[in-house]
Amino acid sequence: QVQLVESGGGLVQAGGSLRLSCAASGYSFSSYTMGWFRQAPGKEREFAASIMFGAGNTDYADSVKGRFTITRDNAKNTVYLQMNGLNPEETAVYYCAAAGAGGTYRFGPRDESAYGYWGQGTQVTVSS
């Protein structure tokens with residue numbers, strides 16, 4: 001049974017930092033692209049960052065580039081999202097997701113359609 005469990009969310013002041021973790025189980029973690037998405041209240045879910053299998057190529061939404069860093073530890077089946085310089089507009093539920101090679105190459109790592117597995121999400125609240 002595939003499970004993705006996010007943790008590390010919480011309340012932080014504007015300009016602060018958080019580190020999200022996503023522990024995966026039930027599939028071959030190292031063979032999957034991992035992504036982080038977020039959904040703010042009243043808005044559609046959007047791509048934040050991804051890290052591919054193999055060479056670990058990373059990709060970031062323009063809005064987070066330079067402030068967020070995605071990494072993975074294949075030995076621990078865990079993906080991380082280090083978030084610095086958070087602002088109140090980034091208050092959202094943050095989701096991690098896993099995409100196989102087929103989905104990654106068909107849709108690209110920024111597209112939700114690529115991802116077959118999703119976590120339940122973790123709330124990040126940034127106060128002003």
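Two strands pair if DSSP finds at least two bridges between them. With that in mind, Phe 68 stands opposite Met 83 in strand E8. This is a predicted model. The briefing below covers an open sheet, a second group of paired strands, a disulfide, a nonpolar core and one buried threonine.

**The open sheet**

- Four strands make up an open sheet, in the order E1-E3-E8-E7. Their pairing is antiparallel.
- Strand E1 (3-7) and strand E7 (68-73) stand at the edges. Each has a single partner strand, so one side of each is left without a neighbour in the sheet.
- From one strand to the next, the twist averages 15 degrees.
- Strands of a sheet pair through backbone hydrogen bonds, and the sense is either parallel or antiparallel.

**Strands E7 and E8**

- Strand E8 spans residues 78-83. Six bridges link E8 to E7, in the antiparallel sense.
- Two facing pairs can be picked out here. Thr 69 stands opposite Gln 82 in E8, and Phe 68 stands opposite Met 83 in E8.
- In a regular strand, side chains alternate between the two faces of the sheet.
- E7 shows such an alternation. Phe 68, Ile 70 and Arg 72 point to one face and are buried. Thr 69, Thr 71 and Asp 73 point to the other face and are not buried.
- E7 and E8 form a hairpin with four residues between the strands. In this hairpin, Asn 77 takes a positive phi near 55 degrees.

**Strand E11 and its partners**

- Strand E11 covers residues 122-127. Its covered face holds Thr 122, Val 124 and Val 126. Its uncovered face holds Gln 123, Thr 125 and Ser 127.
- Strand E2 (residues 10-13) pairs with E11 in the parallel sense, over four bridges.
- Strand E9 runs antiparallel to E11, and three bridges join them.
- Val 124 in E11 has partners to note on both counts. Val 124 is the bridge partner of Gly 10, and Ala 92 stands opposite Val 124.

**The disulfide**

- How many disulfides does the structure hold? It holds one.
- The bond joins Cys 22 to Cys 96, with an S to S distance of 1.9 Å.
- Cys 22 lies in strand E3 (residues 18-25), and Cys 96 lies in strand E9 (residues 92-99). The pair therefore ties together parts that are 74 residues apart in sequence.
- Are these two cysteines buried or exposed? Cys 22 and Cys 96 are both buried.

**The nonpolar core**

- The largest nonpolar core has 36 residues. Met 34, Trp 36, Leu 81, Met 83 and Tyr 94 touch the most other members.
- Several elements give two or more residues to this core. They are E3, strand E4 (33-39), strand E5 (46-51), E7, E8, E9 and E11.
- Which element gives the largest share of this core? E9 does, with six residues.

**Thr 104, a buried threonine**

- Thr 104 lies in helix H1 (residues 101-107).
- The relative accessible area of Thr 104 is 3%. Buried means under 20%, so Thr 104 counts as buried.
- The side chains of Thr 104 and Thr 33 are joined by a polar contact of 3.0 Å.
- Leaving aside residues up to four places away in sequence, Thr 104 touches Thr 33, Met 52, Phe 53, Ala 99, Pro 109 and Ala 114.

Key. Residues are numbered from 1 along each chain as its sequence is written. This is a predicted model: local features need pLDDT of at least 70, side-chain atom pairs count only at pLDDT 80 or more; totals for chains, interfaces and linings use all residues. Side-chain values use heavy atoms; hydrogens and water are left out. A disulfide is a pair of cysteine sulfur atoms within 2.5 Å. Buried means under 20% relative accessible area, exposed over 50%, partly exposed in between (1.4 Å probe, protein chains only). A polar contact is a pair of N or O atoms within 3.5 Å; within protein, one must be able to donate a hydrogen and the other to accept it, and residues adjacent in sequence count only if both atoms are side-chain atoms. Contact means heavy atoms within 4.5 Å. Axes are lines fitted to C-alpha atoms, for helices over the stretch in contact, and angles run from 0 to 180 degrees between N-to-C directions. A nonpolar core is a set of buried Ala, Val, Leu, Ile, Met, Phe, Trp, Tyr and Cys residues joined through side-chain atoms within 4.5 Å.
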